[in-house]
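Me: I would like to learn how to read a structure like this one, feature by feature. Please show me the case first and let me ask as we go.

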Amino acid sequence: MNEEAPERVRTRAAGLWSHVCGWEDLLVPLDVAPGQMTLVMGEGWTRRWSVTWRSGGGEVSCAVRDLAQMPLVDGGPTRWFSWRRGQRHRPGLQFLVSTGRHHGAESLEEARVLLALDFAGDLIDVVSQPLKLRFQTGQRHREHTPDFLAVTRSGTWLIDVRPRKLVRSEDLESFAATAEVALVCGWRYMVAAEWRTHVLTALDAFSAQRRQLGDPLSLRSALLVSAGQGLSFGELVDTTPFPPVARAQLLHLLWHRRLGADLGGPFGDASLVVSPGGPGR
């Protein structure tokens with residue numbers, strides 16, 4: 001088994017490794033450039049476009065050119081979540097290990113984005129529906145509220161969530177305007193429109209053990225050592241005298257990125273598990 005491990009490592013080294021990927025790597029990018037065609041920009045557009053957000057129980061507004069200097073993370077959602085009979089989306093609260101708090105999501109798609117940020121976003125804080133952008137098109141003035149503002153250790157993200165099959169030309173217009181605002185502020189922008197195949201099932205499995213977990217049987221150190229041998233998830237579990245408990249500990253290590261697995265394929269007992277210094281680096 002150990003003689004075959006180097007070959008497995010070589011053939012799978014180019015995968016989407018969970019311990020080194022960024023949250024944006026888990027998505028298929030959406031091109032918003034077609035939406036730029038109808039935007040009215042030109043000289044002084046950063047003074048004409050405006051942004052509104054909530055702070056101290058009231059609303060505050062400023063021109064786009066001044067937005068980067070404003071403490072948006074200290075505010076709350078510009079619109080509140082509602083629950084009613086017959087609604088087609090499912091709002092709720094998603095607990096994030098990174099912040100230790102619950103954060104609002106207006107749909108299951110938004111909840112999945114929060115989960116991805118919690119896992120691979122190097123997250124500091126996140127605000128749901130952080131601001132309302134008022135921008136100008138060739139036809140009229142329009143407003144758009146992005147879904148999340150995420151502050152991470154590598155920068156700030158402005159994020160919209162819309163399944164690709166539901167994206168219309170008007171949505172692309174809003175996304176393109178938001179992308180321009182993010183660029184002015186020195187932020188990054190992403191539309192969460194489509195997940196890479198197999199990513200969500202793996203994140204769902206890892207997240208089952210993302211919260212604080214004790215290790216009374218001291219299995220983690222042994223699993224970390226054994227992971228350097230090029231073993232699969234199932235093989236690693238079987239190296240311990242307590243396989244059922246080892247499964248939970250191994251998922252915990254995968255969620256906290258102390259070990260890695262290839263998210264580019266189906267996750268299961270046959271999935272190769274690697275150490276941070278292994279083929280995913």
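Reply: Start with one residue. Aspartate 122 is partly exposed, at a relative accessible area of 43%. This is a predicted model, and aspartate 122 sits in the loop between α3 and β5 (123–128).

Me: What is the sign of phi at aspartate 122, and near what value is it?

Reply: Most residues other than glycine have a negative phi. Aspartate 122 has a positive one, near 50°. Glutamine 129 also has a positive phi, about 45°, and is not a glycine.

Me: Where is glutamine 129, and is it buried or exposed?

Reply: Glutamine 129 lies in the loop between β5 and β6 (132–136). It is buried, with a relative accessible area of 0%. Aspartate 122, by contrast, is partly exposed.

Me: How far should I trust the coordinates? Where is confidence lowest, and where is it highest?

Reply: Where pLDDT is low, the predicted coordinates should not be read in detail. The chain has a mean pLDDT of 90, and 90% of its residues reach 70 or more. Confidence is lowest in helix α1 (residues 5–12), at a mean of 38. It is highest in strand β10 (residues 188–192), at 98. Over residues 1–12 pLDDT stays under 50. The model has 18 contacts beyond four places in sequence for that stretch.

Me: What does the overall fold come to in helices and strands?

Reply: The chain has eight helices and 12 strands. Of its 281 residues, 49% count as buried. Take the contacts between residues at least 6 apart in sequence: 66% of them join residues at least 24 apart.

Me: How do I read a pocket? What is the volume of the second largest one, and which residues line it?

Reply: Rolling a probe the size of a water molecule over the atoms shows where empty space is left. The second largest pocket holds about 170 Å³ of space. Its lining consists of Gln94, Leu108, Ala111, Arg112, Leu115, Leu200, Asp204, Ser207 and Arg210. Two elements give two or more residues each: α3 (108–120) and α5 (199–207). Of the elements, α3 gives the most, with four residues. By class, the lining has four nonpolar, two polar and three charged residues.

Me: Pick one lining residue. What does alanine 111 touch?

Reply: Alanine 111 lies in helix α3. It touches Gln94 and Ala105, leaving out residues up to four places away in sequence. Gln94 is also in the pocket lining. Alanine 111 is buried because its relative accessible area, 16%, is under the 20% cut-off. Its C-alpha atom is 8.5 Å from that of proline 91, which is 20 residues away along the chain.

Me: Now the other helix. Which residues of α5 are buried, and why do they line one face?

Reply: The buried residues of α5 are Val199, Ala202, Leu203, Phe206 and Ser207. Seen down the helix axis, they fall within an arc of 130°, so they line one face of α5. They pack against α3, α8 (243–255) and β11 (260–261). The face turned away from the buried side carries the exposed residues Thr201 and Asp204.

Me: One last residue. Is threonine 178 buried or exposed, and what does it touch?

Reply: Threonine 178 is in helix α4 (residues 169–185). At 1% relative accessibility, threonine 178 counts as buried. Beyond four places in sequence, its contacts are Leu133, His144, Pro146, Leu158, Asp160 and Tyr189.

Notes: Residues are numbered from 1 along each chain as its sequence is written. This is a predicted model: local features need pLDDT of at least 70, side-chain atom pairs count only at pLDDT 80 or more; totals for chains, interfaces and linings use all residues. Side-chain values use heavy atoms; hydrogens and water are left out. On a 1 Å grid over the protein atoms alone, a cavity is a set of points where a 1.4 Å probe fits but cannot get out, and a pocket is an open set with protein on both sides within 12 Å along at least five of seven lines; lining residues have an atom within 4 Å of a point. Grid points are joined across faces, edges and corners, and a volume is the space filled by probe spheres set on the points. Ala, Val, Leu, Ile, Met, Phe, Trp, Tyr, Cys and Pro count as nonpolar, Asp, Glu, Lys and Arg as charged, and the others, Gly among them, as polar. Buried means under 20% relative accessible area, exposed over 50%, partly exposed in between (1.4 Å probe, protein chains only). The arc is that of the directions from the helix axis to the C-beta atoms. Contact means heavy atoms within 4.5 Å. pLDDT is the predictor's confidence in each residue, from 0 to 100.
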